[in-house]
Amino acid sequence: MTPAEYVEAVLELVERIPPGRVMSYGAVADALAERSGRASARLVGSIMARHGGGVPWHRVVTSAGRLPPGHEAEARARLRAEGAPLGGTGVDMAAAAWSPEEGM
């Protein structure tokens, strides 16, 4: 998979995350690792920062549920509107985490 194809795969996966649910940067990387040969949460974060404006970027959070840095207020408002379970610093990952296998 080329770097451009990986960017597209990340964005396509993020588009599939249902409203009110989230994936961590690492979970996105892990879901694409076998196909892509890449497994970097940092790379997913970089892709989201550069190319994620057209997808539901607010549904990608840290593994602890923290919201995207610098965009916490907007992400919290969007997730709240979708009915995502929120806690003190972000999303309740036990209740909100989504896996692509659920969408099959």
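**Exercise 1. Determine which elements cover the buried residues of helix α1.**

Solution. The structure is a predicted model, in which local features need pLDDT of at least 70, side-chain atom pairs count only at pLDDT 80 or more, and totals for chains, interfaces and linings use all residues. Residues are numbered from 1 along each chain as its sequence is written, and side-chain values use heavy atoms, with hydrogens and water left out.

Step 1. Locate the helix. Helices (H or I, at least four residues) and strands (E, at least two) are DSSP runs, numbered from the N terminus. Helix α1 comprises the 14 residues 3-16.

Step 2. Check its length. The expected span is 1.5 Å times one less than the number of residues. From first to last C-alpha, α1 reaches 20 Å, close to the expected 20 Å.

Step 3. List its buried residues. Buried means under 20% relative accessible area, exposed over 50%, and partly exposed in between (1.4 Å probe, protein chains only). In α1, Y6, V7, A9, V10, L11, L13 and V14 are buried.

Step 4. Identify the cover. Contact means heavy atoms within 4.5 Å. The cover over the buried residues of α1 includes β1 (23-24), α2 (25-36), α3 (41-51) and β2 (60-61).

**Exercise 2. Place H58 and A94, and decide whether each is buried or exposed.**

Solution. Step 1. H58 belongs to the loop between α3 and β2. Its relative accessibility is 4%, so H58 counts as buried.

Step 2. Leaving aside residues up to four places away in sequence, H58 touches A75, R78, L79 and E82.

Step 3. A94 is part of helix α5 (residues 93-96). A94 is exposed, because its relative accessible area is 81%.

Step 4. A94 and G52 are 42 residues apart along the chain, and their C-alpha atoms are separated by 24 Å.

**Exercise 3. Describe the chain as a whole, from its element order to its compactness.**

Solution. Step 1. The chain has five helices and two strands, in the order α-β-α-α-β-α-α from the N terminus.

Step 2. The radius of gyration is taken over C-alpha atoms, and the globule rule is 2.2 Å times the number of residues to the power 0.38. The chain has a radius of 13 Å, close to the 13 Å that the rule gives for 104 residues, so the chain is as compact as a globular protein of that length.

Step 3. Of the 104 residues, 39% are buried. Among contacts with a separation of 6 or more, 59% involve residues 24 or more positions apart.
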